[in-house]
Amino acid sequence: MAAADTPLLLLNAPLVASRLGYPDLSGLDLLELFAFIHPAQFMVPTPKGLAQALGLAEPASDDAVPALLQAAAEVLLSVCEDPAWPEREGAWSVLQSLVRLRWPWAGLLAPRIAQPQKAERWLFARLPEWEEAPERPQPAQIMLQDEAITARLAELTGSGAEARPAQQAYARAAGGMFAPRGQQRQPHMVLAQAGTGTGKTFGYLAPASLWAEQSGGTVWVSTYTKALQRQLRRESRAAFPPERAAQTGRSGPPVVVRKGRENYLCLLNLEDALQGGFTGRPAIMAQLVARWAAYSQDGDMIGGDLPGWLGTLFRKRGITALTDQRGECVYAGCPHFRKCFIERAARASAGAELVIANHALVMINAARAREPAQRPTRIVFDEGHHVFEAADSTFAAALTGAETVELRRWVIGPEGNQRGRRRGLAARLADVASYDDEGARAIADAREAAASLPGDGWLARVVEGAPFGPLEDLLAETRELVLARDESGGQEAGYGLETEAAQLGGSFIETAGRAQEALEALRQPLMRLALRLEALIEDGPDWLDGPARARIEGARGAIGWRTDLIAGWTALLARLGGPGDPEFVDWLALERSEGREWDIGLHRRHLDPMKPFAEAVLAGAHGVMMTSATLSDGAETASGDWTSAAERSGAPQLGVRPQVFAAASPFDYARNAEVLIVTDVPRGDIPALANAYGRLVEASGGGALGLFTAIRRLRAVYGRIADRLARGGLPLFAQHVDPIDTGTLVDIFRDDPRASLLGTDALRDGVDVPGHSLRLVVMEQVPWPKPSILHRARRLAHAEKFGGGGQAHDDRIIRARLAQAFGRLIRTGTDRGHFVVLSSAFPSRLLSAFPPGTPVRRVTLDAALQSVAGRVSDAASATAQHSQIDESRL
Ligand code: SF4
């Protein structure tokens, strides 16, 4: 009631609201003020983080927080009156819009921000334009000498040349991928497994930087998680100094981070939003994003310098609507093309020494980059154990409602009264249509054919039994069949449902046939149009100036990609009635979350996605390295058997024999870590599970990372223990509960040694929290693979090939997950902690997941609590002693 009457000073209103169970809480949120005053600056959104960011004393206890919030507001407001405020430019103009939007802070800021004497440059004028660069020559063919690699490594680590034999050996092994290629389709491949602490990053950056410097080429380093991407961005600065790149005649930055288009701000979308496309709270967010865009390093909205918490203060969709989600970019037809962040990153990467990207983007660029300079040929896949998964989703086909709606929109443009620039193919190629009759006909035919695809409101029509057109008919029958056949037990739990694409019946096959015809009717005119565009580019009529050519080339690329997509879908439909193709796994699915349906469709995966990966990525590459702490299975490397790791690299598909390298972690696991398998928490007993979590967190005094395989159980446990722990001064945060993005949750966790964090897969793979903040990892059970149709098919294939009923296949997956989760615990030579699995029946054959020498005990919960509590007091004193040398972290 107080909050409704008076605007209160708050920090992170949505979080406070969710903790209080009062969803509409609003007020003067200091995070919003911070985002306005210091755009593109990092801050952990907690009282302590705020204090650190503003140079104030950290609050000693919760009681001191209200005073801190007042002091922080005063500091932030006074910044505006400081003539040296670095982010002043643009503030006055944005504030005028925020006053109109009745932003709560606007009234307090207005008297403090003076109108500039000279009119301010508007955001888009302030952003720099990128330059067209001449095409780069091919890289020179060079051989790297081992001594040079070792010397470069010593330069990077600042240590003496003798310091780290394992890291040196690793760096020399990595150098193997840069040797000149002897035969077509035969890249040099290196599989390098190196335990945590070997110093992998500098290990491969050393030869990579040497090669890039001497050959003039570009090395791509690919990661799976954003956490590693951030780390690489930091560490690569030393390996690729701009001065050296300039000496070798390169222009532009030596290191470029590239992500998928959907990560970046689209300036045209922002312009739409600022000019009335967004109203209410989202309009305020758009103004704060405009402040950020003017100061952002690269326009990356997801994991870049836009605070991860900004979007959650408003509305999740708001941020997504500002990125180029739907591939609707109009390229050179866009007034902001020359300032576009996405175009800038793409161009810069062609001239860079090092491109940092993710697995999916590397695969997509290798498969369909517009220009050869954008195609990766020397690639280090860090977090190499995830390449298989990334290839699996990159080379998948999904003919679903959501996908077909996207396609329809791309062809036809917006429907109804939606605002925005989504103008469809005809508007994008208006000049082609007026010049070329055949092109115009192809566009008209494509529009007509696209009209039979699912449009807005398709899901409601399908659910109500009133589908429109052949594709919606197919989706309706798919839904019926999935509901009729699914026996996964997901019906009641509200999870997604699926069934094999088998024994489908005549009516389904006929409907699929009609859907296939409808898709073919769209593919044909698109192919005709692509040919016309090619002819046009060759003819080069007068009006085809540089920007028009770029736009048409862009359109041709986009059409090629869509025709491939449709071809994949029709191939999937064509197979339905006939005998199954052993190369693929097909199924029908109804996607749901918490019981709410959101997509329906048919899915196809390669039984072995490394086949298309080998063709698309490896065949054209000259050197590829896959590296990770857990590249191969613990059970295999112990015996020196790399067969399965090699198979999962795709190398055998091209007949390539990879060089292999293994180095154990230098950490003393026997002394610093302990695995506790708790045998007396019954599986499926939520109160017992919650009790175990609560007591373990208390025993360790926080600093716990709790990993779950099901969101439902995570929420149930959180609901039972969060209040109790909070009252004891042990804050608990949780993915899927707190309205905070995962990256920020990890930042908060890292920043507060008494905080604990619960989460699912993303935390198992991407959390890098060295030191005392993470001293306990708890897994709720053995991470069995989900028994999906795809999993069953791969398990069966494994069993047919190797025998053993497929258990070995499952075991490998579980061991990999355990190893990843364990890897979160010990990040430096001085880290100490416990890894607890709450499982009454933990099979011994899985124990090889843990590094050799790690003590493992099967214990009761009480014994585990004693151990955790005991070691924590040791660890606290050890950490105090070692804090001086914590820098030794690699
Ligand atoms: S060029 Fe494309 S992505 Fe960039 S701002 Fe324009 S429309 Fe958006």
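## A histidine in a loop

Leaving aside its neighbours within four places in sequence, which residues is His336 in contact with? In this predicted model, the partners are Phe124, Leu267, Leu268 and Glu271. His336 itself sits in the loop that runs between helix H17 (316-322) and helix H18 (341-351). Although it belongs to a loop, His336 counts as buried because its relative accessibility is 9%, and the cut-off for buried is under 20%.

## Helix H6 and its buried side

Now to helix H6, which spans residues 91-100. Its buried residues are Ala91, Val94, Leu95, Ser97 and Leu98. They cover an arc of only 160 degrees around the axis, so they lie on the same side of H6.

What do the buried residues of H6 pack against? Their partners are helix H3 (30-37), helix H7 (106-109) and helix H15 (281-295). If you follow the chain just past H6, you will come to Arg102, which takes a positive phi of about 60 degrees.

## The second largest pocket

If you enjoy looking at pockets, the second largest one holds about 1,300 Å³ of space. Its lining is made up of 35 residues, and those nearest the centre are Pro47, Asp62, Val65, Pro731 and Phe733. By character, the lining residues divide into 23 nonpolar, four polar and eight charged.

Several elements each supply at least two residues of this lining. Among them are strand S1 (8-10), helix H2 (13-20), helix H4 (47-54) and helix H5 (65-79). Helix H35 (711-727), strand S16 (732-734) and helix H36 (742-751) also each supply at least two.

## Helix H30, mostly covered

Helix H30 takes in residues 610-618, and seven of its nine residues are buried. To find them in the structure, look for Met610, Pro612, Phe613, Ala614, Ala616, Val617 and Leu618.

## Ala397 and a distant stretch of sequence

Finally, have a look at Ala397, which lies in strand S8 (residues 397-400). Is Ala397 buried or exposed? With a relative accessibility of 15%, Ala397 counts as buried, since the limit is under 20%.

How many residues apart in sequence are Ala397 and His603? They are separated by 206 residues, while in space their C-alpha atoms are 5.9 Å apart. Leaving aside neighbours within four places in sequence, Ala397 is in contact with Leu602, His603 and Arg604.

Conventions. Residues numbered from 1 in each chain as written. Predicted model: local features only at pLDDT ≥ 70, side-chain atom pairs only at ≥ 80, totals over all residues. Heavy atoms only, no water. Helix = DSSP H or I, 4+ residues; strand = E, 2+ residues; numbered from the N terminus. Buried < 20%, exposed > 50% of the residue type's maximum accessible area, 1.4 Å probe, protein only. Contact = heavy atoms within 4.5 Å. Arc of directions from axis to C-beta. 1 Å grid on protein atoms, 1.4 Å probe; cavity = no way out; pocket = protein on both sides within 12 Å on 5 of 7 lines; lining within 4 Å. Points joined across faces, edges and corners; volume = space filled by probe spheres on them. Nonpolar A, V, L, I, M, F, W, Y, C, P; charged D, E, K, R; others polar.
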